[in-house]
Every structure is written in structure tokens, then in C-alpha cells.
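Got the model open and wondering where to start looking? Here's a quick tour of a few spots worth clicking on.

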Amino acid sequence: MFKKWFACLLLFAMLFLFPHQGLAMDYSISNVKTDAYLQDNGDVKVEETHTYEFFGEFNGITREVIPKEGAVISQFAATEDGQLLRIEKEDDLYKVHRKGTDETITVKLQYIIENGMEIYQDTAQFYWPFFDERNESDYENLTITIHPPKQTNDVIAFGYDEATNTETIQGDGSVLFQLGYVPYGTNGDIRVAYPVSLFPAAPQTSNKPMKEEILKAKQDLIDQAAAEAAIKETLSTIGKIGIPVFTIILLLLMFKDWITARTKRNDLMREGTKFLTVPKQIMSLPATIAFTNNRYLPPQAMAAGLLDLVRQGYVKKTSNDRFQLINRKSPFPHENVLMEWLFDKIGSNNTFSFDDLSTYTRNKLNQPHYHTFQTQWRQAVNHEIDSYTLYENKKAYRLLIGFSSILLLPFLFLFPIYGLMGSFAATLVLLIPVILYAILYRPKTWEGARIAYEWKQFKTRFKELPQAEWEKWSEDDQMRAYIYGLGISSKEIDRKYDVLIEALTSDIDSYDAGAGIYPILFIGPDTSAKFREANDSVSGGTTSSSSSSSSGGTSGGGGGSGAF
């Protein structure tokens with residue numbers, strides 16, 4: 001069952017983290033070569049050569065070409081080895097039909113971008129997104145070449161995002177953008193400007209100068225790249241030096257605290273507490289159970305609380321499944337809460353039975369009240385623990401550790417932005433123990449450590465206790481030991497008591513089975529089971545959902561590639 005659950009969870013995580021890889025068809029685009037020929041009338045003739053590697057059956061490829069505002073895509077055609085292929089157009093998506101199985105194919109696409117050039121008073125520019133974040137496929141190797149109408153040496157060229165710093169101006173004035181690998185869902189606009197005199201037949205877009213603005217845009221990119229490089233260098237230094245120093249300081253603090261705790265434990269061992277019987281009771285048994293169980297009270301702890309009321313004489317067992325309240329005035333608030341709830345809310349007339357518990361918890365209207373009671377009872381138990389000086393006051397120290405994690409939080413965002421994934425992983429791995437350390441670090445005082453140590457020794461050594469030695473214990477010690485084991489849900493203590501009970505029942509005539517330890521021993525398992533079932537019957541869960549959105553490239557243009 002666990003393996004199936006884990007496999008489903010792993011599959012969901014893979015689909016969530018890698019949705020494209022999880023849902024994409026079995027193909028790759030190994031090479032894309034794009035040539036854009038600028039015409040003197042302002043149009044742009046485009047030739048794209050796409051090489052696909054298919055695995056399995058396929059029906060063709062797709063190319064989405066979304067024009068910028070004012071431009072129009074026309075005369076779209078597709079060929080393979082000079083043979084025309086059938087095209088199906090859906091808005092800006094072109095489906096090129098070409099069926100096959102397990103093939104590598106090369107398809108040439110041709111189309112014209114009408115009014116693709118922007119003509120200004122002093123320059124003409126081609127500013128175009130051949131793909132944008134709507135692209136659903138990776139390009140393993142992408143090159144884009146822009147060809148002017150005539151040879152020139154007056155060229156301005158640069159790119160954005162994936163096309164940044166990929167341009168090379170050729171001797172004839174053409175510009176080669178070597179983008180290489182381009183992941184899906186990314187932008188990569190290219191921008192090239194030539195003398196306006198090369199486009200005498202092109203209509204003017206605007207009668208304003210634009211060359212200085214284009215040069216400024218290029219310089220802004222250069223400045224931005226320099227600033228980002230400086231930031232990345234600083235972040236890299238922090239990742240290489242700052243994070244390790246932070247880690248070393250944290251480890252030194254944790255090591256110091258471990259040494260202190262170890263020294264305290266060794267002092268307790270040297271004190272030589274000898275295991276003769278159940279430890280001396282300092283707190284009530286429910287509080288002892290919670291304190292020695294990391295503040296956790298399992299459902300069985302409530303059963304232990306009821307049996308402890310029987311041990312103290314507040315409650316009397318009248319039959320195997322029925323109890324009567326004798327005295328409702330306890331010095332511990334949590335015991336008063338438990339008695340009021342069991343004998344007044346669930347039971348009645350100062351009596352309580354397991355049938356009352358089952359009937360109450362099966363009623364859905366009562367389940368929220370049961371949760372409220374559990375919370376109230378547990379809080380009262382913890383309040384008793386807090387009334388003793390069992391933990392050192394380390395609030396300021398824990399707050400200091402907790403606030404130090406704030407220093408790490410910005411780097412969880414900055415490191416990935418600047419591609420420093422190793423430093424990001426190290427920061428994430430470091431942040432988790434810092435937060436947990438600040439939350440969980442609560443060193444015990446000498447008294448708290450002694451109580452925890454004695455009960456730990458009891459749990460370890462009780463399973464080896466000879467029956468003859470156990471019979472020498474007082475009935476109160478025997479009951480406290482049993483109730484404690486029941487409350488912490490210790491299978492080892494339960495098994496030990498099964499052996500002890502089996503040995504005693506063989507000589508039951510020599511004991512009064514209606515008094516002392518016997519009522520608790522014989523109803524303990526059933527009491528534990530009934531409270532566990534009650535807790536299970538009032539359990540529930542929740543669900544959640546999420547959504548996302550995206551947009552396009554420069555001036556609404558863009559597109560991408562795919563297959564079907």
C-alpha cells in the first residue's frame with residue numbers, strides 16, 4: 001500500500017515540477033535555421049528550416065507565427081525535399097501535415113511578413129519575436145540570420161532574453177544570432193537597425209528620429225548586463241563564503257548545545273539513579289506522559305487519564321465497561337475537565353460507559369465538540385507542565401536563531417534568478433534546520449532532564465524486569481507503571497504486562513481481583529481501544545487547487561513550434 005501511495009505521489013510531483021516533459025509528445029527539434037531577408041519595400045521574406053526527430057507515430061508539425069501589431073503574415077508554405085506539404089491554418093497556428101513513424105524529417109517553411117520593417121526618419125529597424133513564452137517546444141540549436149537588401153557596414157544589432165549577446169555582425173552587414181539551445185516557454189526578441197536609405201520603397205512608420213533611442217536601448221542592455229554581472233559576482237561570493245560561514249556558526253552553536261546536553265546526561269548517569277521501581281511521581285501521570293513523549297498525547301493518553309482517575313479513587317469501575325464518578329474535585333484542572341466531559345457531557349448521572357462514548361462520537365453533530373474538548377484537555381495538561389520549571393528560558397536565544405533565517409530568505413529568490421543553483425540548494429538545505437532548530441530547541445533544566453532520564457531508564461529496563469521483582473512493588477507503583485505505558489502507547493510495556501498478567505491469572509485465587517491493580521490491568525486494553533476508535537471516528541481532511549496564466553512577446557508578436 002505504501003509503495004503504491006509513494007509511486008503516485010512521485011508521479012504527481014514529476015508532472016507538477018516538469019509539466020512540459022511529462023505531457024509533451026515524443027519528439028525533439030534538433031536544429032532550426034531561420035533566414036530573414038529584408039526587402040526594400042519593408043516586407044520580410046522568411047525561410048525556416050526545422051529538423052524534427054520523431055519517436056513513434058506522428059501526423060506533422062506545427063508552427064505558430066503571431067505577427068506584431070501592424071504586420072501581416074502571408075504566403076505561408078511548407079516543403080520537404082522540394083515537395084509541397086499540405087497546410088491547415090487555425091488563426092495564427094499552421095499545421096503542416098506529414099505522417100510518419102520513427103523518422104527524422106527536415107521541413108522548410110516560407111512566409112512573408114508584410115510591413116515587417118519599421119521605417120523612421122533616420123533609421124529602419126527589424127524588431128521581431130520569432131518565438132516567445134507561448135512556445136511549447138525546446139530548440140536544441142537555433143540560429144537566426146538577418147539579411148539587409150544591400151551590403152552595408154552601418155548596422156546596429158542586439159537581442160533580448162535568450163537572444164542577449166548572441167549577435168555577430170557579418171562583413172556584408174547581415175547579422176547572425178547564434179542562440180543555441182532555447183528552452184520552451186522563453187522569450188528571445190531580436191532587434192536590427194539599418195540606414196533608412198536601404199528601404200526606398202517602404203512606407204514610413206513615423207516621421208521621427210529613432211537611431212539614438214535604439215542605441216540607448218542597446219547601451220541600457222549593456223549597462224544592465226554589467227550590473228547583473230556585478231550582482232551575480234557578489235552573490236557568487238556570498239554563496240561560496242557567506243553560506244559556509246553561516247553554516248559553520250550554526251554547527252558550532254548546535255555542537256555547543258549538544259555538548260551541554262550530553263554533559264547533563266552524563267552527570268545524571270554518574271548520579272547513579274538505580275532502577276528499583278517506577279520513578280517518583282512529580283507531576284500527574286497525563287502530564288508525565290506528555291512531557292516524556294515530546295509534548296504529544298496520543299488518543300490512548302485519554303484512556304490513561306481515565307484509568308488514573310480510577311487509581312486515585314476519583315472514579316470507580318462498576319463493570320467491565322462502566323464507571324462511576326466518586327469525587328469530582330481534583331487539584332489538577334485537566335482532571336476536572338476530563339471528569340466533566342466524560343461523566344456530564346458524554347455520560348450522565350455521574351456514570352460513563354464505552355457505549356456512551358461510541359454513541360456520542362458517531363453523532364456528527366458532536367464531533368466538533370469532541371475536538372474542542374480534546375484541545376481543551378491537552379492544553380490543560382500542557383499548562384501543568386509549564387507550571388514546573390522543566391525547561392530553561394532560551395526564548396531570546398531561539399528568537400535570535402529564528403531571525404537569523406531571515407538573512408537567508410532573500411537568497412532563495414536571488415540565487416535562482418542569477419543562475420546560482422548550487423548556492424540556492426545549499427541555502428535551502430541550510431534554512432530548514434535553522435527554522436527547525438529555532439522552533440524545537442528547548443533544553444531541559446536539571447529537574448526536567450532528571451525526570452525525562454528516569455522515565456527513559458524505566459522504559460528501557462522494565463521489559464527485562466523479573467516477575468518476582470515486580471510483585472514486590474506497591475500496587476500504586478504497579479498501576480502507575482501500567483497507566484504510563486498505556487498512555488505513551490508503548491508496545492514493549494504492553495507485552496511485558498501481558499506476560500505478568502498471564503502469570504498472575506494462573507494464581508488468581510490468592511489475590512482480590514476486584515481491587516487494586518486488577519481492575520486497571522484487565523480493562524486497560526479495552527479502554528485504550530475504545531478511545532482510539534472514538535478518535536478515529538471524528539477525523540477528517542481538506543483539499544486545495546491552483547491556477548496559472550501567461551502572455552506574449554514584443555508588441556503582441558511571437559509564436560513557437562510543436563507537433564501533432
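**Aromatic rings**

Five phenylalanines, F323, F343, F352, F354 and F531, come together as one aromatic cluster. Keep in mind as you look around that this is a predicted model. After the rings, we'll stop at a tyrosine in a strand, an arginine in a helix and a greasy patch on the surface.

- Across the whole structure, a search turns up 29 aromatic pairs.
- Take F458 and Y484, an aromatic pair arranged edge-to-face, with 6.0 Å from centre to centre and 70° between the planes.
- This pair ties together distant parts of the chain: F458 sits in helix α12 (residues 446-462), Y484 sits in helix α14 (residues 475-487), and the two are 26 residues apart.
- Both F458 and Y484 are buried.

**Y111, a tyrosine in a strand**

- You'll find Y111 in strand β8, which covers residues 104-114.
- Is Y111 buried or exposed? Y111 has a relative accessibility of 2%, so it counts as buried, the cut-off being under 20%.
- Leaving out residues up to four places away in sequence, Y111 touches V44, K45, V46, E48, R63, V65, I73, S74, Q75, F76 and F130.
- With one of these, E48, there is also a polar contact: the two side chains are joined at 2.7 Å.
- Y111 and A36 are 75 residues apart in sequence, yet their C-alpha atoms are 9.8 Å apart in space.

**R311, an arginine in a helix**

- R311 belongs to helix α5, residues 299-312.
- Arginine carries a charge in many textbook drawings, but let's stick to what this model shows: R311 has a relative accessible area of 15%, so it is buried.
- Which side chain does the side chain of R311 make a polar contact with? The partner is the side chain of D308, at 2.6 Å.
- Not counting residues up to four places away in sequence, R311 touches Q281, L285, D476, M479, R480, I483 and I520.

**A nonpolar patch on the surface**

- Now for the outside: L428, I432, I435, L436, I439 and L440 make a nonpolar surface patch of about 550 Å².
- One of these residues, L440, lies in helix α11, which runs over residues 421-440.
- Why does L440 count as exposed? Its relative accessibility is 62%, and exposed means over 50%, so L440 makes the cut.

Terms used: Residues are numbered from 1 along each chain as its sequence is written. This is a predicted model: local features need pLDDT of at least 70, side-chain atom pairs count only at pLDDT 80 or more; totals for chains, interfaces and linings use all residues. Side-chain values use heavy atoms; hydrogens and water are left out. Patches are made of residues with over 30% relative accessible area and no salt bridge: like charges are joined within 9 Å, nonpolar side chains (Val, Leu, Ile, Met, Phe, Trp, Tyr) within 5 Å. Accessible areas come from the Shrake-Rupley method with a 1.4 Å probe; for residues, only the protein chains shown count as cover. A salt bridge is a side-chain nitrogen of Lys or Arg within 4 Å of a carboxyl oxygen of Asp or Glu. Helices (H or I, at least four residues) and strands (E, at least two) are DSSP runs, numbered from the N terminus. Buried means under 20% relative accessible area, exposed over 50%, partly exposed in between (1.4 Å probe, protein chains only). A polar contact is a pair of N or O atoms within 3.5 Å; within protein, one must be able to donate a hydrogen and the other to accept it, and residues adjacent in sequence count only if both atoms are side-chain atoms. Contact means heavy atoms within 4.5 Å. Rings of Phe, Tyr and Trp (its six-membered ring) pair if their centres lie within 6.5 Å; planes under 30 degrees apart count as stacked, over 60 as edge-to-face and the rest as tilted.
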